[in-house]
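Here is a short tour to read alongside the sequence and the 3D view. Take it one topic at a time, with the viewer open.

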Amino acid sequence: MEALNFHTEPILAIETSCDETSAAVVHGSRVLSNVVASQTEMHAKWGGVVPEAASRAHVEALLPVLRESLGQAFPGLSLLESMRRLSGIAVTNRPGLVGALSVGVTAAKALALALEIPLLGIHHLEGHLSSVYAECPDIRFPYLSLVVSGGHTELVEVLAPGRYRILAETRDDAAGEAFDKGARLLGLGYPGGRRIEEAAAGGNPRRYALPRGTPKGADDFSFSGLKTAMLRLVEGEGDALSLSDAAAGLQEAIVDSLARRAASHLDASSGYQDFTLVGGVAANKALRERLTQVCHQRGLRFVVPPYALCTDNAAMIGLAASPRFARGESSGFDLDVEPSADLPQG
Ligand code: KG4
Ligand code: ZN
């Protein structure tokens, strides 16, 4: 069985693929700093992420975030001294918003060139998948991971460090998108996941019948039926709608369809000892609790990153890069940004 070997020197990681500007310093599997500047408030005005505005906000935020991240990682050292401690620069180069990704990749190239250290482009989902390594560097391969974010819902078999196989994915909306669209319909605003979770507290998840999405026997996820049902519910109930019951029902429907799919894949396979839940939606307590049960009943260890490493951040990019730098990998200065890209197969 392959084990994770981490790079033995500090690396700087940059993440600007969507609406968080983040820089982190990772040493081995330890996160020395992880600074995130969120654009959520700005995009909330428009009800979602506006790509042009996101790129511009990254330009403004990136250097202060970098400075802060290096300052926290190397207290007492000057900016130049701390940069000289770095042995590599990792950056999210795919997938994501082209303009947003370009800001991070350009900064990473400039730093790698000036410091004469290697550069490494990282897949954003590999970042999410690697977010558990700080807490759990002894993870046992192969293992299963549920990746749930605003853009992705995937059940991934992690065969070995850096080698992935997608077992199931969504046919339409991502789980985070289902939370966000449901929140918009309920007038809760953006970003939806946390607002739905808060509104659902104390609500009755069984008051309104909502579909579980995936047809019987199908392996994939689907959330578009849920979106339509929510729209009908909101229109049908009008002022009589109970916000907390509707939010609780939506959350329960999403959690239930994710947990059932994960459970059926686990039942159909053997040989896994660990299961991880990663991505922005992994911050959801109801989902964490349900998957804890699913894993416990099957004798698997359930691993989830700390809350700060669930939503987009650069520490996870550094954690994905650390084993790759340890293997001597690097990207050339012709590293490009890719708006859509498959996970590395190995
Ligand atoms: O991973 P992430 O920060 O960005 C992407 O890569 O997409 O995930 C963002 C998604 C959003 O859809 C947001 O609504 C959802 O994660 N999210 C949550 C919670 N916190 C964030 N969903 C459910 N419950 C939460 N507490
Ligand atoms: Zn993400």
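Is D312 buried or exposed? D312 is buried, as its relative accessible area is 16%, and the cut-off for buried is under 20%. Please keep in mind that this is a predicted model. D312 is a good place to start, since it helps to coordinate the zinc ion (ligand 2) and is also listed among the residues that come nearest to ligand 1.

**The zinc site**

- Three residues coordinate the zinc ion (ligand 2): H124 and H128, each through NE2, and D312 through OD, at 2.0 to 2.1 Å.
- Along the sequence, these donor residues follow the spacing H-x3-H-x183-D.
- H128 belongs to helix α5, while D312 sits in the loop between β10 (301-303) and α11 (315-326), so this pair links distant parts of the chain, 184 residues apart.
- H128 is buried, with a relative accessibility of 0%.
- Why is the arrangement around the zinc ion (ligand 2) irregular? The four donor atoms subtend angles of 96 to 136°, and a tetrahedral label would need all angles to lie between 85 and 135 degrees.
- For orientation, the ideal angle for four tetrahedral donors at a metal is 109.5 degrees.

**Around ligand 1**

- There are 18 residues around ligand 1, and G150, D180, G193, E197 and D312 come nearest.
- Two backbone contacts go to oxygen atoms of ligand 1: a backbone N or O atom of G151 lies 3.4 Å from one, and a polar backbone atom of G280 is 3.1 Å from one.
- The side chain of N284 places an N or O atom 3.1 Å from a nitrogen atom of ligand 1.
- G151 also has a partner within the protein: its backbone nitrogen lies 3.3 Å from a polar side-chain atom of S149.
- S149 is found in the loop between β6 and β7 (153-160), and is buried at 9% relative accessible area.

**Aromatic rings**

- The count comes to three aromatic pairs.
- In one of them, F6 and Y133, the ring centres are 6.5 Å apart and the planes meet at 65°, so the pair is edge-to-face.
- F6 comes from the segment before β1 (10-15) and Y133 from the loop between α5 (124-130) and β6 (143-148), so the pair ties together parts that are 127 residues apart in sequence.
- Both partners are buried: F6 has a relative accessible area of 18%, and Y133 has a relative accessibility of 3%.
- F141 and Y143 have ring centres 5.5 Å apart and planes at 50°, so this pair is tilted.
- Both F141 and Y143 are buried.
- A charge also meets a ring: the charged end of R288 sits over the ring of Y307, 4.0 Å from its centre.

**Backbone details to look for**

- F141 turns up again here, as its peptide bond to P142 is cis, with omega near -10°.
- P142 lies in the loop between α5 and β6.
- Another cis peptide bond joins Y190 and P191, with omega about 0°.
- P191 is placed in the loop between α6 (175-185) and α7 (192-200).
- E116 is not a glycine, yet it has a positive phi of about 55°.
- E116 is located in the loop between α4 (98-115) and β5 (119-123), and at 72% relative accessibility it counts as exposed.

Notes. Residues numbered from 1 in each chain as written. Chains lettered and ligands numbered in written order. Predicted model: local features only at pLDDT ≥ 70, side-chain atom pairs only at ≥ 80, totals over all residues. Heavy atoms only, no water. Phe/Tyr/Trp six-rings, centres within 6.5 Å; stacked < 30°, edge-to-face > 60°. Helix = DSSP H or I, 4+ residues; strand = E, 2+ residues; numbered from the N terminus. Buried < 20%, exposed > 50% of the residue type's maximum accessible area, 1.4 Å probe, protein only. Lys NZ or Arg CZ within 6 Å of the ring centre and 35° of its normal. Donors = N, O, S within 2.8 Å, 3.2 Å for Na, K, Ca; no water. Tetrahedral: all angles 85-135°; square planar, octahedral: opposite > 155°, others 65-115°. Near = heavy atom within 4 Å. Polar contact = N/O pair within 3.5 Å; in protein donor to acceptor, adjacent residues only side chain to side chain.
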